[in-house]
Amino acid sequence: MKLSPFTVVIIIALLFTSAIAISPSAAPSGFGCDNKCEVRCSRSGWKDRCLKYCGICCGKCNGCVPSGPYASKAQCPCYRDMKNPKGRDKCP
C-alpha cells in the first residue's frame with residue numbers, strides 16, 4: 001500500500017499532537033513545585049494522583065503550596081480556593 005505525501009504528513013502531525021496531549025504538562029520549574037509537592041504529598045495514600053494535582057495547582061498559584069502534608073491550605077489562598085467542576089477542592 002502506497003501512501004500519498006499528504007497522508008504521510010497528516011499521520012506524522014497526528015502522532016506529534018497526540019504525544020503532546022498525552023504527556024502531562026509539568027509546572028514551571030522556576031517555582032520549585034516538584035520539591036514542594038513531594039513534601040505535601042509525602043503521606044498521601046494516592047501519591048501519584050496527589051503529585052499530579054499538586055503540580056497543576058502549584059503552577060497555577062505561582063509556586064504557592066502549603067508547607068507540609070497536614071499544613072493548612074490557608075497558607076496559600078489560590079491553592080485553597082481552586083475547585084474542580086463538582087465544587088470540591090482540586091488541590092490536595
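Which residue forms a salt bridge with Arg80, and how far apart are the closest N and O atoms? The partner is Asp81, and the closest N and O atoms are 2.9 Å apart. Keep in mind that what you're looking at is a predicted model. Beyond that pair, there's a set of six disulfides to walk through, a count of four salt bridges, a buried arginine without a salt bridge and a nonpolar patch on the surface.

**Disulfides: the overall pattern**

- Searching the whole structure turns up six disulfides.
- Quick reminder: a disulfide is a covalent bond between the sulfur atoms of two cysteines.
- If you number the bonded cysteines in sequence order, the pairing reads 1-7, 2-5, 3-4, 6-12, 8-11, 9-10.

**Disulfides: three pairs in detail**

- Cys57 and Cys91 are joined with an S to S distance of 2.0 Å. This pair ties together distant parts of the chain, with Cys57 in helix H3 (residues 47-60) and Cys91 in the segment after helix H4 (77-81), 34 residues apart.
- The Cys57 and Cys91 link is left-handed, at -95 degrees about the S-S bond. Cys57 counts as buried because its relative accessibility is 0%, and Cys91 is buried too, at 3%.
- Cys61 pairs with Cys78, S to S 2.2 Å. Here Cys61 sits in the loop between H3 and H4 while Cys78 belongs to helix H4, and the two are 17 residues apart.
- The S-S torsion of Cys61 and Cys78 is about -80 degrees, so this disulfide is left-handed. Its two ends fall into separate burial classes: Cys61 is buried at 7% relative accessibility, whereas Cys78 is partly exposed at 37%.
- Cys64 and Cys76 make a disulfide with sulfur atoms 2.0 Å apart. Both cysteines are in the loop between H3 and H4, 12 residues from each other.
- Cys64 and Cys76 also give a left-handed link, with -90 degrees about the S-S bond. Cys64 is partly exposed at 25% relative accessibility, but Cys76 is buried at 3%.

**Salt bridges**

- The count for the structure is four salt bridges, among them the Arg80 and Asp81 pair.
- Both members of that pair are partly exposed: Arg80 has a relative accessible area of 33%, and Asp81 has 46%.
- Lys73 forms a salt bridge with Asp89, and their closest N and O atoms are 3.2 Å apart. That one bridges distant parts of the chain, from Lys73 in the loop between H3 and H4 to Asp89 in the segment after H4, 16 residues apart.
- Asp89 has a second partner in Lys83, with the closest N and O atoms 2.6 Å apart. Through these shared partners, Lys73, Lys83 and Asp89 are joined into one network.
- On the accessibility side, Asp89 is partly exposed with a relative accessible area of 42%, and Lys83 is partly exposed with 43%.

**A buried arginine**

- Arg40 lies in helix H2, which covers residues 33-40.
- What is the nearest side chain of opposite charge to Arg40? It's Asp89, 8.0 Å away, and buried Arg40 has no salt bridge. A salt bridge needs a nitrogen and a carboxyl oxygen within 4 Å.
- The Arg40 side chain does have a backbone neighbour: one of its polar atoms lies 3.0 Å from the backbone oxygen of Ala71.

**An unusual backbone angle**

- Most residues other than glycine have a negative phi.
- Asn62 goes the other way, with a positive phi of about 55 degrees although it isn't a glycine.
- You'll find Asn62 in the loop between H3 and H4, and at 57% relative accessible area it is exposed.

**A nonpolar surface patch**

- Phe6, Ile10 and Leu14 make up a nonpolar patch on the surface, and together they have about 330 Å² of accessible area.
- Ile10 is part of helix H1 (residues 5-22). Its relative accessibility is 38%, so Ile10 counts as partly exposed.

Terms used
Residues are numbered from 1 along each chain as its sequence is written. This is a predicted model: local features need pLDDT of at least 70, side-chain atom pairs count only at pLDDT 80 or more; totals for chains, interfaces and linings use all residues. Side-chain values use heavy atoms; hydrogens and water are left out. Patches are made of residues with over 30% relative accessible area and no salt bridge: like charges are joined within 9 Å, nonpolar side chains (Val, Leu, Ile, Met, Phe, Trp, Tyr) within 5 Å. Accessible areas come from the Shrake-Rupley method with a 1.4 Å probe; for residues, only the protein chains shown count as cover. Helices (H or I, at least four residues) and strands (E, at least two) are DSSP runs, numbered from the N terminus. Buried means under 20% relative accessible area, exposed over 50%, partly exposed in between (1.4 Å probe, protein chains only). A disulfide is a pair of cysteine sulfur atoms within 2.5 Å. Lys and Arg count as positive and Asp and Glu as negative; His and the chain ends are not counted. A polar contact is a pair of N or O atoms within 3.5 Å; within protein, one must be able to donate a hydrogen and the other to accept it, and residues adjacent in sequence count only if both atoms are side-chain atoms.
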